[in-house]
Amino acid sequence: MCICTKYAVFIFSGGCCGSDGKSYTVGGWAWAWWLITDIQKITLEIMTLQPKCEDVETAEGVAITVTGVAQVKVMTDNELLGYACEQFLGKTVAEIKSVILQTLEGHLRSILGTLTVEQIYQDRDQFAKLVREVAAPDVGRMGIEILSFTIKDVYDKVDYLSSLGKSQTALFSAFIEMINVS
């Protein structure tokens, strides 16, 4: 008898009479034949990833670095769990994280190339939502769900962002001075 915690899935294959089907046990128990049934496990715990794209050129040609935080996990629907098993069975959590991280970073990089620095910096929530929407189908085909994705930091090496802030501050100061003169 095998007992499975709610944070893992046991995948049973093999058995008597040459059965090549798989069965999944999520947070329960199941019988397994010693030396006949193959038992493998995939974690259901939330995995935290920190995608980072360095020196990616935006639509304007300004190289910026963006870091994010993503929470992902294996989906438990039988069909989607089958996809996850197909992709990740026998892999460590670190290997699973690496595959998902590379996928997220690829989508993040491609989206960065289509937006201006101002769009990325001023509306981080919309930018993060766009990354989630674009990446979700690809990671979904791996049996993975993106629970959350947020932008943690946006910066550049040539002080483009700080120059934007200075020009905005100067405009605001000029506007206030104009109001005070009137």
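In the predicted model, Arg141 is exposed, with a relative accessible area of 53%, which lies over the 50% that the term requires. The side chain of Arg141 meets that of Asp138 in a salt bridge, with a nitrogen-to-oxygen distance of 2.2 Å, and the count for the structure comes to 1 salt bridge. Side chains of opposite charge can pair when their charged atoms come close. Asp138, for its part, is partly exposed, with a relative accessible area of 26%.

Asp138 is also in contact with Thr103, whose other contacts, once neighbours within four places in sequence are left aside, are Val139 and Met142. Thr103 has its place in helix 2 and is classed as buried because its relative accessible area of 18% falls under 20%.

Helix 4 comprises 17 residues, 124-140, for which a span of 24 Å would be expected at 1.5 Å a residue; the C-alpha atoms at its ends are 23 Å apart, in agreement with that value. A bend of about 30° is nevertheless found in helix 4 at Val134, and a proline, Pro137, follows within four residues. The buried residues of this helix are Phe127, Ala128, Val131, Ala135, Val139 and Gly140, and they pack against strand 8 (63-74), helix 1 (78-88), helix 2 (93-112), helix 3 (117-122) and strand 9 (144-156).

The largest nonpolar core has 36 residues, and those with the most contacts inside it are Ile100, Leu108, Leu112 and Phe127. Two or more residues are given to this core by each of strand 6 (47-49), strand 7 (52-57), strand 8, helix 1, helix 2, helix 3, helix 4 and strand 9, with helix 2 giving the most, at 6 residues. For Leu112, when residues up to four places away in sequence are not counted, the residues touched are Cys53, Val56, Glu57, Thr58, Ala59, Ile64, Val66, Ile120 and Phe127.

A further buried threonine, Thr65, has its place in strand 8, and its relative accessible area is 1%, so that Thr65 falls under the 20% limit for burial. A polar atom of the Thr65 side chain lies 3.2 Å from the backbone nitrogen of Asp55. Apart from residues up to four places away in sequence, Thr65 touches Lys52, Cys53, Glu54 and Asp55, together with Asp153, Val154 and Tyr155. Cys53 is thus touched both by Thr65 and by Leu112.

Notes. Residues numbered from 1 in each chain as written. Predicted model: local features only at pLDDT ≥ 70, side-chain atom pairs only at ≥ 80, totals over all residues. Heavy atoms only, no water. Expected span 1.5 Å × (residues − 1). Bend = angle between axes of the 7 residues up to and from the residue. Buried < 20%, exposed > 50% of the residue type's maximum accessible area, 1.4 Å probe, protein only. Contact = heavy atoms within 4.5 Å. Polar contact = N/O pair within 3.5 Å; in protein donor to acceptor, adjacent residues only side chain to side chain. Core = buried A, V, L, I, M, F, W, Y, C linked by side-chain atoms within 4.5 Å. Salt bridge = Lys/Arg side-chain N within 4 Å of Asp/Glu carboxyl O.
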